[in-house]
Amino acid sequence: MSDEIIPICESTALIEGGRGIRFPVTTAGRDTSGFIVRYHNIVRGYLNRCAHVPIELDWNEGEFFESSGLYLMCSTHGAIYTPESGHCVGGPCRGARLRTIIIIEKDNQIFWQPDNYIRPVIASSQEQIQPAKK
């Protein structure tokens, strides 16, 4: 595991039971997204992939909670996950779980920490090289 921490947002941007915030990550050599939500005043982070089929969970960007606000829900197949642990408690992947991302909240900021599976996105060399202005 890395000691590196990567900023996501200010703590005030994430409200209890509200919209989640997505952030870019790389896993298995592919760029995708992670997300954070605040539940019981703790920020939880997961890879934005359903445990049933590897597709993004959110209905619209940042919409992870189902209507009661008690569970995270996959918009495609209806799998329901507990926000505290990411365990699937209903739907086609019962017993599976979302992949956790390490989240750190300090100094009114929220950060994520890469591990051996989830890494920062690396910009392509074309994005890093800016054409000279004339």
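Colleague: In the hairpin of β3 and β4, which residue takes a positive phi?

Modeller: H40 does, with phi near 55°. The hairpin has two residues between the strands. Keep in mind that this is a predicted model.

Colleague: Is H40 buried or exposed?

Modeller: H40 is exposed, with a relative accessible area of 52%. H40 sits in the loop between β3 and β4, and its positive phi occurs in a residue other than glycine.

Colleague: What about N108, what is its phi?

Modeller: Near 60°, which is a positive value, again in a residue other than glycine. N108 belongs to the loop between β8 (102-106) and β9. N108 is exposed as well, at a relative accessible area of 62%.

Colleague: Step back a bit. How many helices and strands are in the chain?

Modeller: The protein chain has one helix and ten strands. Read from the N terminus, the order is β-β-β-β-β-β-β-β-β-β-α, with the helix coming after the strands.

Colleague: And what share of the residues is buried?

Modeller: Buried residues account for 41% of the 134 residues in the protein chain.

Colleague: Back to the hairpin strands. How many bridges join β3 to β4?

Modeller: Six bridges, with β3 (residues 30-39) and β4 running antiparallel. Among the bridge partners, F35 is matched with Y46 in β4, and V37 is matched with R44 in β4.

Colleague: Which sheet do they belong to, and in what order do its strands come?

Modeller: They are in an open sheet of four strands, ordered β4-β3-β2-β10, with antiparallel pairing. The edges are β4 (42-47) and β10 (118-119); each has a single partner strand, so one side of each lacks a neighbour in the sheet.

Colleague: As an edge strand, is β4 mostly covered or exposed?

Modeller: Mostly covered: five of the six residues in β4 are buried. An edge position concerns neighbours within the sheet, while the burial count concerns the residues of β4.

Colleague: What does the other open sheet, the one with β5, look like?

Modeller: It has three strands in the order β5-β6-β7, and the pairing is antiparallel. Here β5 (72-73) and β7 (88-90) are at the edges with a single partner strand each, so each has one side without a neighbour in the sheet.

Colleague: How many bridges join β5 to β6?

Modeller: Two bridges, between β5 and β6 (residues 80-81), which run antiparallel. One of the partners is Y81 in β6, which is bridged with L72.

Colleague: Where is the nonpolar patch on the surface?

Modeller: L70, Y71 and V89 form it, with about 240 Å² of accessible area together. V89 lies in strand β7, which is an edge strand of the three-strand sheet. V89 counts as partly exposed because its relative accessibility is 36%.

Colleague: Switching to rings. How many aromatic pairs are there?

Modeller: Four aromatic pairs. In one of them, F23 and W112, the ring centres are 5.6 Å apart and the planes are at 35°, so the pair is tilted. F23 is in strand β2 (residues 21-27) and W112 in strand β9 (residues 109-113), so this pair ties together parts that are 89 residues apart in sequence.

Colleague: F23 and W112, buried or exposed?

Modeller: Both F23 and W112 are buried.

Colleague: Which rings form a cluster?

Modeller: F35, Y46 and F64 are linked into a cluster by ring pairs. F35 and Y46 have already come up as bridge partners.

Colleague: Last topic, cysteines. How many disulfides are there?

Modeller: Zero. C50 is in no disulfide; the nearest cysteine sulfur belongs to C74 and is 3.8 Å away. C88 is in no disulfide either, with the sulfur of C93 as the nearest, 3.1 Å away.

Colleague: Why do those distances not count?

Modeller: Because a disulfide needs the two cysteine sulfur atoms within 2.5 Å.

Colleague: And are C50 and C88 buried or exposed?

Modeller: C50 counts as buried, at 6% relative accessibility. C88 counts as buried too, at 4%.

Conventions
Residues are numbered from 1 along each chain as its sequence is written. This is a predicted model: local features need pLDDT of at least 70, side-chain atom pairs count only at pLDDT 80 or more; totals for chains, interfaces and linings use all residues. Side-chain values use heavy atoms; hydrogens and water are left out. Two strands pair if DSSP finds at least two bridges between them. Rings of Phe, Tyr and Trp (its six-membered ring) pair if their centres lie within 6.5 Å; planes under 30 degrees apart count as stacked, over 60 as edge-to-face and the rest as tilted. Buried means under 20% relative accessible area, exposed over 50%, partly exposed in between (1.4 Å probe, protein chains only). Patches are made of residues with over 30% relative accessible area and no salt bridge: like charges are joined within 9 Å, nonpolar side chains (Val, Leu, Ile, Met, Phe, Trp, Tyr) within 5 Å. Accessible areas come from the Shrake-Rupley method with a 1.4 Å probe; for residues, only the protein chains shown count as cover. A salt bridge is a side-chain nitrogen of Lys or Arg within 4 Å of a carboxyl oxygen of Asp or Glu.
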